[in-house]
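Biologist: Could you walk me through one part of this structure up close? I'd like to hear what surrounds a single residue, and then how that corner sits beside the rest.

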Amino acid sequence: MNSANTKTKQITKKDLFRANWRWLWSSQICWNYERMMSTGYLYTMLPTITKLYPKKDDQVEMMKVHNQFFNTNAYVGGFIVGMDMAIEEKEGIKAKDTVAGLKAGLMGPLAGIGDTIVGVILPTIFGSIGAYMGLKGNPIGAFLWLAVNFIILFLRFSLLPMGYTQGEKLVYATGDKLNRITDAAVLLGVTVVGALIPTVISVKVPFVFKLGKVSLKAQSILDQFMPSLVPVALVAICYWLLGKEKMNSTRLIVLVLIAGIVLGGLGILSK
Amino acid sequence: MAIAWWQILLLTALAFWMIIDQITVGILCNYPLLIGLVAGIIMGDMSKGLVVGATLQLMVLGVGTYGGSSMPDFMTGAIVGTAYAVITGKGTNFAIGLAVPVGLLMVQLDVLARFINTYFLHRVDKYIEADDVPKVARNVVYGVFPWGLSRAIPVFIMLIVGNQFVQKIVEVMPQWLSNGLSTAGGILPVVGIAILLRFLPTKRFIAYLIIGFLAATYLKVPMLGVALMGLAMAIIFYHQSGNSSHNQGNNQENKPKETENELGEYEN
């Protein structure tokens with residue numbers, strides 16, 4: 001009974017591009033505490049809704065469905081939109097519950113992948129390189145990151161059509177592969193962080209011990225033990241503090257700011 | 001150096017675009033480094049902007065906005081910090097000392113913007129009932145204004161007021177405080193690194209953390225070199241884990257689960 005419908009209301013490449021474009025600009029534009037990205041999802045689906053459902057009641061119904069709570073990583077969320085469009089194109093209004101379930105089921109796992117790769121690993125790698133060069137006034141690292149962001153933008157655009165054509169198949173087939181890619185990316189990130197500790201934290205102990213005629217510089221004693229001992233110790237202390245129940249990132253920043261001012265003011269540490 | 005009116009306008013526009021960029025295309029403004037660079041170019045001193053941006057960048061390495069949580073807004077901090085660094089000529093560490101509190105205070109405005117958008121959500125609900133598609137669309141787009149203005153207005157005010165005010169502060173600031181601020185600027189990246197290590201499954205990959213550290217300290221490998229080394233190890237890891245993927249399940253348990261805090265600055 002659907003064959004007549006699918007012929008007249010087919011989703012074209014242009015529709016996919018339009019949804020992609022809308023998702024890019026609108027997914028978080030009306031982000032709010034009540035339903036988070038619901039409005040963005042609705043805005044993305046509006047052309048599809050008006051195309052697929054000529055009846056007013058159906059339109060209202062589907063607009064309501066797509067204005068329900070939704071939250072995922074904006075970079076990878078297009079994949080869900082693509083799958084949704086494929087299903088609604090085939091099944092129409094009957095698929096109402098299916099797509100609602102699909103959205104709820106996939107938004108979490110996709111957010112996990114997107115947040116880890118796009119939200120943490122890429123900024124770790126390129127932010128580290130860029131900041132390392134930037135501290136010396138060299139903009140090349142920053143430009144490198146800029147270039148990567150353009151590549152990401154380009155890649156992002158392939159996800160919605162991929163969701164449309166591949167759909168569920170892909171989620172199951174590549175689940176294990178994605179985990180391995182994520183793990184490998186984390187490995188790379190951790191390696192870079194290891195190198196970051198001694199290179200970007202600039203702190204010295206300017207203290208000088210005086211025993212009669214002999215004076216000993218505290219920093220050179222520490223250096224003989226291990227280079228960058230102070231930065232490593234500071235990272236270890238902060239890491240440990242973050243494990244405390246009442247500690248969070250904002251408090252830690254305030255704490256380190258105050259500690260830096262006090263220790264620097266007293267001349268115990270210096271840049 | 002005093003700030004020119006066109007610089008104030010450009011930086012205000014940058015602040016507006018910055019948050020929109022963050023929630024849409026994500027090219028320029030996801031993180032403080034690139035913002036600092038652009039703010040530096042506007043202020044006519046690119047390298048100062050880079051240094052301010054880079055230092056703030058390192059602080060936020062592990063801080064992300066997941067699940068709609070607010071994070072300290074060091075992008076705004078980078079704009080204001082860069083402007084103050086150039087205006088006062090007091091060096092970047094002084095500016096970072098000012099940028100950090102700015103970033104922390106800006107969290108409140110982020111919350112406000114996300115809250116105001118709820119109003120537009122309810123208007124959208126209303127127009128759905130009326131099946132008024134153009135008005136539904138328009139009200140979604142209105143969300144741009146709470147977002148953009150929540151950054152642009154404070155930056156504008158801080159630049160207008162800061163022009164004279166910050167100069168005064170600099171004049172009366174004692175030497176020990178400048179030393180302290182400078183030291184604080186030097187060690188603040190520690191926070192970002194520690195948060196990042198908490199977020200990542202560091203215990204599982206601790207060997208690679210040590211390898212990265214050794215390469216940078218004892219072998220003096222530059223950062224890009226370390227990244228390439230990491231890439232090589234990542235490729236090896238990927239291929240080897242493919243052969244024994246059935247063992248992977250056990251390893252997952254080592255990942256830290258307590259990455260969310262009560263204020264929700266970062267969560268998994």
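Modeller: Here is a close look at one threonine, followed by the wider setting. Keep in mind that this is a predicted model.

Let's start with B:Thr82, which sits in helix H4 of chain B, residues 74-88. The relative accessible area of B:Thr82 is 0%, so this threonine counts as buried, the cut-off being under 20%. What does B:Thr82 touch, if we skip residues up to four places away in sequence? The list is B:Gly36, B:Ala39, B:Gly40, B:Gly49 and B:Val52. There's also B:Gly53: 29 residues separate it from B:Thr82 in sequence, yet the two C-alpha atoms are 7.9 Å apart in space. As for the side chain of B:Thr82, one of its polar atoms lies 2.6 Å from the backbone oxygen of B:Ala78.

Now for another helix in chain B, H8, which covers residues 175-187. It has 13 residues, and at 1.5 Å a residue it should span 18 Å; the end C-alpha atoms are 19 Å apart, which agrees. Buried residues in H8(B) include B:Ser178, B:Gly180, B:Leu181 and B:Thr183, and the run B:Ala184, B:Gly185, B:Gly186 and B:Ile187 is buried as well.

Next, the nonpolar packing. The largest nonpolar core has 122 residues, and those touching the most other members are B:Leu11, B:Leu56, B:Val100, B:Leu188 and B:Ile193. Helix H9 of chain A, residues 175-200, gives the most to this core, with 12 residues. B:Ile193 is worth a pause: leaving out residues up to four places away in sequence, it touches A:Val193, A:Leu196, A:Ile197, A:Val200, A:Ile201 and A:Val235 in chain A, along with B:Leu58 and B:Leu61 in chain B. A second, separate core holds 54 residues, among them A:Val65, A:Ala86, A:Ile87 and B:Trp147.

Last, chain A as a whole. It has 12 helices and two strands, and along the sequence the order runs α-α-α-α-α-α-α-α-α-β-β-α-α-α. Of its 271 residues, 56% are buried. Chain A exposes about 12500 Å², with carbon and sulfur atoms supplying 66% of that area. Take the contacts in chain A between residues at least 6 apart in sequence: 70% of them join residues at least 24 apart.

Technical notes:
Residues are numbered from 1 along each chain as its sequence is written. Chains are lettered from A and ligands numbered from 1 in the order in which they are written. This is a predicted model: local features need pLDDT of at least 70, side-chain atom pairs count only at pLDDT 80 or more; totals for chains, interfaces and linings use all residues. Side-chain values use heavy atoms; hydrogens and water are left out. Helices (H or I, at least four residues) and strands (E, at least two) are DSSP runs, numbered from the N terminus. Buried means under 20% relative accessible area, exposed over 50%, partly exposed in between (1.4 Å probe, protein chains only). Contact means heavy atoms within 4.5 Å. Accessible areas come from the Shrake-Rupley method with a 1.4 Å probe; for residues, only the protein chains shown count as cover. The expected span of a helix is 1.5 Å times one less than its number of residues. A polar contact is a pair of N or O atoms within 3.5 Å; within protein, one must be able to donate a hydrogen and the other to accept it, and residues adjacent in sequence count only if both atoms are side-chain atoms. A nonpolar core is a set of buried Ala, Val, Leu, Ile, Met, Phe, Trp, Tyr and Cys residues joined through side-chain atoms within 4.5 Å.
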